[in-house]
Amino acid sequence: MQNDWTKPAAVAIPKGGFFEDKVEQGRYGPIFPKTPACYGFSILAKIKPGTEPNFRAYAQRIEKAVAETPDCLAVLKLHYLRWVLFDIKGDTYFMYQGIFDTDFDKYTEDAVALFSKYGINTVFENLEGFPADWKTNTPAFIKFVREHQRPSFLEYGEYPFVSADEIKRALKLKAAFSEMLDQMQ
């Protein structure tokens, strides 16, 4: 059963990132499939020369924002984000990996809205070819992400198809139960 969180699950994804017989169309093209790891994507793009310090500074701003306002990214329904900088033949590339609970279109629209709401920029502005009008041109933002998307070919979930909200509820229940047991002693 697809939604049986009690058994780990893995899925091999065909080249291209879609199951040919199950391609779901979204507002901006095909939706990458939900897997045992939920939804997500990885992008790989070359950074503009000399901008590496901007990535590290931006990471520190995100860390500070989350420390000060823990739910500042809540609209994105994230499980995990990973940012990686690495070199290939003297050029620096950025890899963004995100796992989240909404489909690709919703996630990217929510990301643009979130940045616009707070009047902040995205670290993606330091990537070669990123659209300057991304805040007012969501389709251009999505086009950039899709062009730089590198689909995974295997995804695994120890607790497959479970949302971040479900995990948080389970952990709250566990904490309440532990507190109740502690009080009974």
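The following paragraphs describe the fold, sheet, core and selected buried side chains of a predicted model.

The secondary structure of the protein comprises four helices and seven strands. Along the sequence these elements follow the pattern β-β-β-β-α-β-β-α-α-β-α. The C-alpha trace extends over about 60 × 45 × 35 Å along its principal axes. Of the 185 residues in the protein, 35% are buried. Among contacts with a separation of 6 or more, 70% involve residues 24 or more positions apart.

An open sheet is formed by three strands in the order β4-β6-β5, with antiparallel pairing. Strands β4 and β5 occupy the edges and have a single partner strand each, so one side of each lacks a neighbour in the sheet. On average, and with direction ignored, neighbouring strands of this sheet are turned by 10° against each other. The antiparallel pairing of β4 with β6 runs over eight bridges, and Lys46 has Tyr93 of β6 as its bridge partner. On the other flank, β5 (residues 78-88) and β6 are joined in the antiparallel sense by ten bridges; here Trp83 is matched with Tyr96 of β6. Strands β5 and β6 form a hairpin with two residues between them. In the turn of this hairpin, Lys89 adopts a positive phi of about 50°.

The largest nonpolar core contains 29 residues. Phe41, Phe94, Phe124, Leu127, Phe141 and Val145 have the most contacts inside this core. Two or more residues each are contributed by β4 (39-46), α1 (52-68), β6 (91-100), α2 (104-118) and α3 (138-148). The largest share, six residues, is supplied by α2. With neighbours within four places in sequence left aside, Phe124 is in contact with Ile43, Phe94, Tyr96, Phe130, Phe141 and Val145. Tyr96, which appears among the contacts of Phe124, is also the bridge partner of Trp83.

Helix α3 is mostly covered, with eight of its eleven residues buried. The buried set consists of Thr138, Ala140, Phe141, Ile142, Phe144, Val145, Arg146 and His148. These buried residues pack against β3 (29-31), β4 and α2. Two members of the set, Phe141 and Val145, also belong to the group with the most contacts inside the largest nonpolar core. In an α-helix, residues three or four places apart point the same way, because there are 3.6 residues a turn.

His79 is located in strand β5. Its relative accessibility is 18%, and His79 therefore counts as buried, the limit being under 20%. Two polar contacts of the His79 side chain were identified in the model: one joins it to the side chain of Asp101 at 2.6 Å, and the other reaches the backbone nitrogen of Ala164 at 3.3 Å. Beyond residues up to four places away in sequence, His79 touches Cys38, Ile99, Phe100, Asp101, Val162, Ser163, Ala164 and Ile167. Asp101 and Ala164 thus appear both as polar partners and in this wider set of neighbours.

Cys38, one of the residues touched by His79, is buried at a relative accessible area of 2%. Cys72 also counts as buried, with 14% relative accessibility. A disulfide is a covalent bond between the sulfur atoms of two cysteines. With a sulfur-to-sulfur limit of 2.5 Å, the count of disulfides in the model is zero.

Definitions and conventions
Residues numbered from 1 in each chain as written. Predicted model: local features only at pLDDT ≥ 70, side-chain atom pairs only at ≥ 80, totals over all residues. Heavy atoms only, no water. Core = buried A, V, L, I, M, F, W, Y, C linked by side-chain atoms within 4.5 Å. Buried < 20%, exposed > 50% of the residue type's maximum accessible area, 1.4 Å probe, protein only. Contact = heavy atoms within 4.5 Å. Pairing = 2+ DSSP bridges. Polar contact = N/O pair within 3.5 Å; in protein donor to acceptor, adjacent residues only side chain to side chain. Axes fitted to C-alpha atoms, helices over the stretch in contact; angles between N-to-C directions.
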